[in-house]
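Please look over the sequence and the model below before reading on. The paragraphs that follow go through the structure part by part.

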Amino acid sequence: MSGTSSPQGGLTRRSFLKTTGAVAGTAAVGSALAPSLDAIAAEEQSGGNQEIVVQNACRVGCVTGCRLDVYVRDGKVVKTRPADLPDPEYKRACLRGLSHAQMIYSEERVKYPMRRVGGRGNDEWERISWDEAVEEIGDKLLETREKHGAKANYFMSNGGNVSILSGSFGSMRFRNAFEMQSISNGVDLGCMPGISRVYGSNGTWGKIAEPSDIQNADTFFVWGMNLTVTTWDRWRYIANAMDNGAKLVVIDPNFTAIAAKADKFVSVRPASDGALIMGMINAIIEEGHFDRDYVLKATVAPFLVRRDNGKFLRMSDLGVAPTEGPVNARTGKPTIIDPAAVYDEIEQGFVAVNEAVQPALTGNWDAEGVAVDTAFDMLAARAKEFTLERASELSDVSVEDIRELVDLYVNGGTVCNLLGFGSNGYDNGPSMGHAFATLVALTGQIGKSGTNACYHQDPSQGTLVDTMYMFPDGKNLTAPSIPLLDVPELIEKGELHRYGGDFVPPKTLWITQMNAYNNFLNPQTWRDKILPNVEMIVVVDRIMSDTARYLADYVLPAAHFFEQTDVRHVATATPYMMYLDKAAEPLHESLPDKEIYRKFAKKLGFPQYFDMSDDELLKEALTVQGGGVDFDQLKKEKVVRVLDRDYQPYDVDKGRLATASKRFEFYCENPVSQQGLPLPEDLFEENCLPTFTEPREAWPTAEGADKYPFPLISERSRALLHSQYSDVEWLREVEPGPVVFMNPVDAESYSLTNGDYVKVYNDRGYGVVKLVVSDGQRPGSLTWPKGWQQKFYKEGNLHNLTPLEYNPVAVNHSYTDCHVNVEKWEG
């Protein structure tokens, strides 16, 4: 493609290099670089091109949110660079952020609305006008609402455009205004039910302090996160800390890029992190390495647990009547205050926890005829099941290494725990999350400078966007969402009564800001068996993604986010809200999502929610009771800090935990699923305390492991973000296509060599990819960077190997919880 013209009127690779001075492999070109730079300088001095610089930001689903200077010449984006920010330490951009000039002018851009011709998935289309699209799609949505009810129109979106007007907030406003059925995606949330029950639900992803604050740590424990490749923005802070003497510990099945920088690397069996942590917790309790004062003050350790029903002993159980508290804003009813009881060693009796002088940490008593134990004793008893020997057997980490990890953890000063997505792709994610959060709380490594104890975090304080902006006039406010993984059962049975709702099967489906087909588990099953039951599928996308190509009946062209004005409300890498100016006009007939919503709002009968100006909508969204950001200030200054530098989201002394007790609840008296549903009785004991549970498939003793001996680990890519950037050819020079990594010992036993094309398969499907033989790959396992679209495979698709089954606690896509075999491809 080098040197050819783009039919979209964009840039060629050659012209990009000329206008930006971006030359690959400068060490190889030597003095040949000078003439190119001289030519650029001469052109700029001549004034031949009018150049402006506009501030925007990456808005893709990595949610890092790097602010960018966007250079525009003659109306075209020609390059991006990191933009200045009030704090220079946050000025950054990755390879993906620097490639937007090609992403905008990709040959894959959807130019105009299209209607499918012939069978779904045959990739044959006819061009239609926006008026036709709005009329035909709108008529079907209205007809469906009339015949089957509003909730037969389904809507799903994700993080393809992280912003207010065109992003998730605008999407939810549109969805709820028409009272469509929402779908929760359940992606990358495996550990969150376990973490949330300990910390409380401080946002879906949890919260952190100042992003750069982690450089104040003395020791880093990195769990299943190759952040030098994926969330690379944090690496600089770890490097800074290491320059000042901090230690780095990496726990991962594979020897990754960050493992190469570690002071201690431990290769753990896939999906066994939780067993390793339980062994560490047991050693910490038995050897007295926990912070006793912090545990008594900040956790439920002294709370008394009834043996008869597993609930906390309340003062009402002892004859003290509950009192009324503040009115609940959602229910309009007073809250009920019924304090937990503890045993006070000074009073020699039971008192309310907030009145105790010296609560007992251990012990058991008879309370009005009910046997009770401290939550701490129950934790100790559970942890005792995981001796170092058993933890070693489960995790395949030696007893000596576990002892060293414990020593590094308890004697490492301030410990920063960084939990990646590695553990979130297994069915046993909830137990891993629960154990992880318990370890952090038990040792007090949270809520103070330098600590970090969640993942994919939200660095903000308070509410930044008014909740009611998403629910205009309260529409859909109490309507439950259905997990995507429950849709197959709903379609098969014709009804589903779960999650507080009476769900009806989808008749239409609107998909935006996500390549759903590429993120489904086992997408061929969705394509061939599940979604054929849906009468109309509308896909809004910038490019012809697999979702558009194989699932859609209508494809609507979405603008790139540099082609629109919006606000990025939060980003994980910076403590700012950003006003984002439009850099260029939308290409062809593409429209920003917000304009698409305006068109359809008129057709569907709720124009009043979208017929305001962008400024009016943003002011409404940012008007938050008791706080928020002043929109006029934001528009003028472009960047506004939304986080105090010394803010700590999990500071117990300041009441910042979202648990009912305002403490870390390692014992959970009412464990619920990710959807907030009470768990069945047979799952209660497993989930009220941390433990280790085996994954569904990725385990040596799992059914079928003899036939499919390799756990297939999925990892994040350097040059993709899920499937985004797949159309950026220059990034294909970094990662040309899908591969699978294999250890040399395994490769030799299978008579395979580096560069072979191999067939990776199980009972669900197969994919043909290039083999990379790597010493860094853990023996007995394989790794694939997920996210590649269908066109990059020789045959098949590795996504089709993943299972549709799920853990009812997490209802999460278990991308990594599958086992496979491999053979040389003879095609």
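In this predicted model, glutamate 368 sits in the loop that joins β16 (364-367) to β17 (370-374). Its phi is near 55 degrees, which is a positive value in a residue other than glycine. Glutamate 368 has a relative accessible area of 63% and is therefore exposed, since exposed begins over 50%. A second residue can be read in a similar way: aspartate 473 has its place in the loop between α14 and β19, and its phi is likewise near 55 degrees, positive although the residue is not glycine. With a relative accessible area of 68%, aspartate 473 is also exposed.

The loop between α14 (429-442) and β19 (482-483) also holds threonine 451. Is threonine 451 buried or exposed? Its relative accessibility is 7%, and because buried means under 20%, threonine 451 counts as buried. The side chain of threonine 451 reaches the backbone oxygen of lysine 448, at 2.6 Å. When the neighbours within four places in sequence are left aside, threonine 451 is in contact with Asp213, Ile214, Thr414, Val415, Cys416, Gln445 and Ile446.

Two of those contact partners, Val415 and Cys416, carry the reader on to β18 (415-419), which is an edge strand of a sheet. This open sheet has four strands in the order β10-β9-β8-β18, and their pairing is parallel. At its edges stand β10 (264-267) and β18, each of which pairs on one side only. From one strand to the next, the twist averages 10 degrees. Within the sheet, strand β8 (residues 219-223) and strand β9 (residues 247-252) are paired in the parallel sense over five bridges, and valine 222 stands opposite valine 250 in β9. Helix α9 packs on the sheet, where it touches β8 and β9, and the direction of α9 makes about 145 degrees with that of β8. Helix α13 packs on the sheet as well, touching β8, β9, β10 and β18, with a direction that makes about 135 degrees with that of β10.

The helices α9 (273-286) and α13 (399-410) appear again around helix α12, for they are among the elements that cover its buried residues. Which residues of helix α12 (residues 388-395) are buried? They are Leu388, Ala391, Ser392, Leu394 and Ser395. Seen down the axis of α12, these buried residues fall within an arc of 170 degrees, so they line one face of the helix. The face of α12 that is turned away from this buried side carries Glu389 and Glu393, which are exposed. Just after α12 comes aspartate 396, which takes a positive phi of about 60 degrees.

Another open sheet is made of three strands in the order β1-β2-β3, and here the pairing is antiparallel. Its edges are formed by β1 (51-57) and β3 (76-82), and because each has a single partner strand, one side of each is left without a neighbour in the sheet. On average, and with direction ignored, neighbouring strands of this sheet are turned by 30 degrees against each other. The pairing of β1 with strand β2 (residues 67-73) runs in the antiparallel sense over seven bridges, and in β2 the bridge partner of valine 54 is valine 70.

The cysteines remain to be considered. A disulfide is a covalent bond between the sulfur atoms of two cysteines. How many disulfides does the structure hold? The structure holds zero disulfides, and cysteine 66 can serve as an example: it is in no disulfide, and the nearest cysteine sulfur, that of cysteine 94, is 6.2 Å away. Cysteine 66 is buried, with a relative accessible area of 9%. Why does the sulfur of cysteine 94 not form a bond with the closest cysteine sulfur, in cysteine 58? The two sulfurs are 6.1 Å apart, and because a disulfide requires a pair within 2.5 Å, this is too far for a bond. Cysteine 94, at 19% relative accessibility, counts as buried, because the cut-off for a buried residue is under 20%.

Technical notes. Residues are numbered from 1 along each chain as its sequence is written. This is a predicted model: local features need pLDDT of at least 70, side-chain atom pairs count only at pLDDT 80 or more; totals for chains, interfaces and linings use all residues. Side-chain values use heavy atoms; hydrogens and water are left out. Buried means under 20% relative accessible area, exposed over 50%, partly exposed in between (1.4 Å probe, protein chains only). Helices (H or I, at least four residues) and strands (E, at least two) are DSSP runs, numbered from the N terminus. The arc is that of the directions from the helix axis to the C-beta atoms. Contact means heavy atoms within 4.5 Å. A polar contact is a pair of N or O atoms within 3.5 Å; within protein, one must be able to donate a hydrogen and the other to accept it, and residues adjacent in sequence count only if both atoms are side-chain atoms. Two strands pair if DSSP finds at least two bridges between them. Axes are lines fitted to C-alpha atoms, for helices over the stretch in contact, and angles run from 0 to 180 degrees between N-to-C directions.
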